[in-house]
Amino acid sequence: MKKQFLSVTLIAALTLGTAGATTALAAPHSSPVLSAPHSSPVLSAPSTDKQVIKRIDADKIYKNIEYLSQTPRVAGTDSEYKAVQFIKKQFQSYGYKADIEEFNFLSYTDPNLVELSVAGFDGEIQANHLTYSVNGDLSGEVVYAGLGTKEELEETDVAGKIALIQRGSLTFAEKVLNAAEKGAAGVILFNNADGELNGTLGEDNDKYIPSVTITKKDGEALLEKLNAEVKLTASLKIEGAYSGEKTSYNVVATKKATKNNKATKNDIIYITGHHDSVAGAPGANDDASGTSVTLELARVLKNLPTDTEIRFVTFGAEENGLLGSKHYVSNLPDDDIKRTIANFNLDMVGSKDAGDLVILTNDGEMNLVTELAQASSTRLNGEPTPYGQGGRSDHVSFSEAGIPAALFIHSPSEPWYHTPDDTIDKISKEKLQDVAEIVGTAVYDQAKIEAKKPDLNHKKGKKVKVPHLFDEKEFK
């Protein structure tokens, strides 16, 4: 997400190295006016919007999040399978035939031991592992390698040493691989924001070297010693990490075009979210929120007349590298891909302390999804929701297949992203209602019988620069 465009103040809190998803962005600009969450539609909302809005129940969304976030839903575990069965039953309770699609993937088992000590530094340092980091027992001189770019490592002698690298700009995997390429024995990554750093390398790779993360405070303290020309020697040990094959699941429910309608367009629209979470995180916002809004919109749209097919999908193993959506899209028949006109992907859409809603496309350009959503947010909130460029979530899988797709997410992300504190008490019903209304009315505006083509000349929201939102979901 999972895994992204805003004012200068908000930008500072984001960043792939800062707290969020990966993203290449537009040039700096003046702060956009962002739509605020609301409890009721503006009076000018057309009757078709009101048909959707009056059916949306934020309490139902909240209750589904509450159930799903009782425990982490790591892909390939019993807790994920329990969540999948719950999602299937919810779809069925709305009148859908829900299908569970299985797929296998290479899974990572967390190490049972992670230790880091630094000679020449007073005090203990608490280290965390990166998902997919490899086992190792090594020691070496600590050298600072900046952000771990190829250029910085070209200028730094890291051969046989342990590279101290700051979070930001690149994915964790790129940093580790860049250091490995130059012969580093290991990597210590330190945060660029307060709090612990939980990250992933995204996938198994035999080129990885042992890597750990530490806090911003500890990283800056080590850097201060190095700048004072104090020689530091680190001992790093990781034991028990293991990669093996597991099974995850996608859940699919389909609303066929209204029967006996001669004007059926044969188009397909997707509304999606991911139901898995990272280890140790209940994932109330990431992404029980997107999953639950997807469920609610399936309920809301079930009996509304449409001449377009609408598919609702919750994906597994998103946190392992968008694996569920990649599997799903790669197995779609060519005709389905040609018929698919939009993917509305919901990831992290309910946190109280996250920023405002933004819409992110893989290439940063407007498409049918952004057009429809900006039109609906203008009708409902008086301003179009800002858009920009961002990857790291399941919309990427659709975009790479040539399908117009966009991610709906609040930016900057909340401070408990990918932590045990991503719990139900942090969820805002107002934000859930706002996102559900914007996406629901946008989808119905296009899917309703004899819908007109969207007005591509309406006032566009500003294209905002959103640094990497989910920093290192990091493959997202």
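**Exercise 1. The seven-stranded sheet**

How many bridges join strand β6 (residues 186-190) to strand β7 (residues 211-214), and how do the two run?

Solution. Strands β6 and β7 are joined by 4 bridges and run parallel. Leu189 stands opposite Thr213 in β7. Two strands pair if DSSP finds at least two bridges between them. Helices (H or I, at least four residues) and strands (E, at least two) are DSSP runs, numbered from the N terminus.

This is a predicted model: local features need pLDDT of at least 70, side-chain atom pairs count only at pLDDT 80 or more, and totals for chains, interfaces and linings use all residues. Residues are numbered from 1 along each chain as its sequence is written, and side-chain values use heavy atoms, with hydrogens and water left out.

Next, place the pair in its sheet. The sheet is open, has 7 strands with mixed pairing, and follows the order β2-β8-β4-β5-β6-β7-β3. β2 (113-119) and β3 (128-129) are at the edges; each has a single partner strand, so one side of each is left without a neighbour in the sheet.

Last, add a helix. Helix α6 (residues 172-181) lies across β5 (162-166), β6 and β7, at about 145 degrees to β6. Such angles run from 0 to 180 degrees between N-to-C directions, with axes fitted to C-alpha atoms, for helices over the stretch in contact. Contact means heavy atoms within 4.5 Å.

**Exercise 2. The eight-stranded sheet**

What is the strand order in the open sheet of 8 strands?

Solution. The order is β1-β9-β11-β10-β12-β15-β13-β14, with mixed pairing. β1 and β14 (387-389) stand at the edges with a single partner strand each, so one side of each has no neighbour in the sheet. From one strand to the next, the twist averages 25 degrees.

Now look inside the sheet. β10 and strand β12 (residues 340-346) run parallel, joined by 5 bridges. Ile269 has Ala342 in β12 as its bridge partner. Helix α4 (residues 78-93) packs on this sheet and touches β1, β9 and β11; its direction makes about 5 degrees with that of β9.

**Exercise 3. One side of a helix**

Which residues of helix α9 (residues 323-330) are buried?

Solution. They are Gly324, Ser325, Tyr328 and Val329. Buried means under 20% relative accessible area, exposed over 50%, partly exposed in between (1.4 Å probe, protein chains only). These residues cover an arc of only 120 degrees around the axis, which puts them on the same side of α9. The arc is that of the directions from the helix axis to the C-beta atoms.

Then find their partners. The buried residues of α9 pack against β1 (98-109), β9 (242-255), β10 (268-274), β11 (309-315), α10 (334-339) and α12 (395-399). α9 runs at about 130 degrees to β1.

**Exercise 4. Thr109**

Which residues does Thr109 contact, leaving aside neighbours within four places in sequence?

Solution. Thr109 is in strand β1. Its contacts are Gly240, Ala241 and Tyr242. Thr109 and Ser243 are 134 residues apart in sequence, yet 6.0 Å apart in space, C-alpha to C-alpha. Thr109 has 34% relative accessibility, so it counts as partly exposed.

**Exercise 5. A charge over a ring**

Over which ring does the charged end of Lys429 sit?

Solution. The ring is that of Tyr62, with its centre 4.8 Å away. The rule asks for NZ of Lys or CZ of Arg within 6 Å of the ring centre and within 35 degrees of the ring normal. Lys426 lies over the face of Trp416, 5.3 Å from the ring centre.
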